[in-house]
Amino acid sequence: MSIATDIATPAVASKFDVARIRKDFPILHTKVHGKPLVYLDNAATSQKPQSVIDALARYYKEQNSNVHRGVHFLSGFATEAYEETRKKITRYINAASEREVIFVRGTTEGVNLVAQSFGKKFIGKGDEAVISALEHHSNIVPWQMVCDERGATLRVAPINDDGEIIVEEYAKLLNAKTKIVAFAHVSNALGTVNPVKEMIALAHDHGIPVLIDGAQALPHMRVDMQDLDCDFYTFSSHKMFGPTGVGVLYGKEKLLNAMPPYQGGGDMIRSVTFEKTTYNDLPYKFEAGTPNIADVVGFGAAIDYLNNLDFPAIESYEHDLLAYATEVLTSNKRVRIIGTSKHKAGVISFVVDGVHAHDVGTIVDSEGIAVRTGHHCAMPVMERFKVAATARASFAFYNTKEEVDALARGINKVIEVFG
Ligand code: 7TS
């Protein structure tokens, strides 16, 4: 068993005051089954700071109106608030322009948008799309669907026993028939952080556009679109301390301009007659219908919150926490960690020898500890490691070593109960 050896105990971790941060998240101070909540299901969705909750309430109390449509005061106000979030996100991810930031329902819709729209125009019979073996279903199924529709073939880059993409094998899959590459920045099932920059550059050597599924990356690290040089990058607000129901598809302007609309309706048009419709400019071409205005505004409050944090200190704190959790869990001989990459973020998937993952989840829940059990929408990953399911503890910057200790005690209880 290799422990994540590059996870050093950082000198800057002390700068990060977790007790103070926890005060910002009201739900962390609630009880479950009479026990203090230990929330270790952050990869599924993160908790929300008070400032995000307040922004949502304020929006509905004082600002609610439809966007881009009215001359009246409130409509202008809501439009400004909605567009302000786009500006914040453009700066946050260092996109070249606001036209490259499209609001979608979440990562799932971001991938589907590209698969359907890019696929319709650029993927044809005999072409290929490349993904990896550690993808979430939402970065598998949309590509299967478009490949089926277009008569193209889906190729899958394999992973090794540590749960890392085998980059040499990935490189071998890239050829003149490859029309798109799509893979996760960070795996939700294993926590592996992929060498995205290297993998993007390899695809670009062949002129192939790359989509990155950033759902599990943004909660743990800052990401710079222009530095990564990816063509598409998609993520969900609800995993980064913002509301559910909204996310972003970043895309390079030139590519987005070349792609057909994904859905038709209001806002995405310039003019409509029964004979001919012309489409709006970016980003509106891809935002048909009334968007999720309130949650976009709430997402803006989450970005403000993140902007006030010291990210290098957070990254160090989280690495330290993950290394501690890895050590504590592996010291239990009945526990096996699935996914032992040297580069991991936020996730420990594990099995308890002789106990079904759901039983692990149920027993630790009775102690107030929330972990996820199952296939984590990554059934091919479970198959690769020959397990039906895992229990997964996933961390955010507000988690603590004491919570890891509580999980370790919970696992001991599981072993007591199930023998
Ligand atoms: N991609 C990855 C890597 C994910 O982890 C998830 C959600 C998605 C895409 C889809 O994001 P959505 O916001 O559109 O649903 N992952 C998980 C999870 O691990 N447990 O619950 C949801």
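A polar contact here is a pair of N or O atoms within 3.5 Å, a cut-off to keep in mind for the ligand view of this predicted model.

**View 1. Polar contacts bring us to the ligand.** Let's start with H136: one of its polar side-chain atoms lies 3.4 Å from a nitrogen atom of the ligand. S236 also offers a polar side-chain atom, 2.7 Å from a ligand oxygen atom. At T107 the backbone takes part instead, with an N or O atom 3.4 Å from an oxygen atom of the ligand. On its own the ligand has 480 Å² of accessible area, and the protein covers 87% of it. The ligand is surrounded by 15 residues, and the closest are T108, D213, Q216, S236 and R392.

**View 2. The largest pocket lies between two domains.** Residues of both domain 1 (18-40 + 310-413) and domain 2 (59-307) help to line this pocket, so it sits between them. Its volume is about 440 Å³. Look for A43, A44, H136, K239 and C377, which lie nearest the centre among the 27 lining residues. Two elements, α4 (107-122) and β16 (372-374), give two or more residues each to this lining. By class, the lining has 14 polar, seven nonpolar and six charged residues.

**View 3. The second largest pocket holds about 240 Å³ of space.** Here 18 residues form the lining, with F103, V104, R105, E109 and A288 closest to the centre. β4 (101-104) and α4 each contribute at least two residues to the lining of this second largest pocket. Its lining residues divide into ten nonpolar, five polar and three charged.

Note on methods
Residues numbered from 1 in each chain as written. Predicted model: local features only at pLDDT ≥ 70, side-chain atom pairs only at ≥ 80, totals over all residues. Heavy atoms only, no water. 1 Å grid on protein atoms, 1.4 Å probe; cavity = no way out; pocket = protein on both sides within 12 Å on 5 of 7 lines; lining within 4 Å. Points joined across faces, edges and corners; volume = space filled by probe spheres on them. Helix = DSSP H or I, 4+ residues; strand = E, 2+ residues; numbered from the N terminus. Nonpolar A, V, L, I, M, F, W, Y, C, P; charged D, E, K, R; others polar. Domains from an automatic or database assignment. Near = heavy atom within 4 Å. Polar contact = N/O pair within 3.5 Å; in protein donor to acceptor, adjacent residues only side chain to side chain. Areas by Shrake-Rupley, 256 points an atom, 1.4 Å probe, with all protein chains shown as cover.
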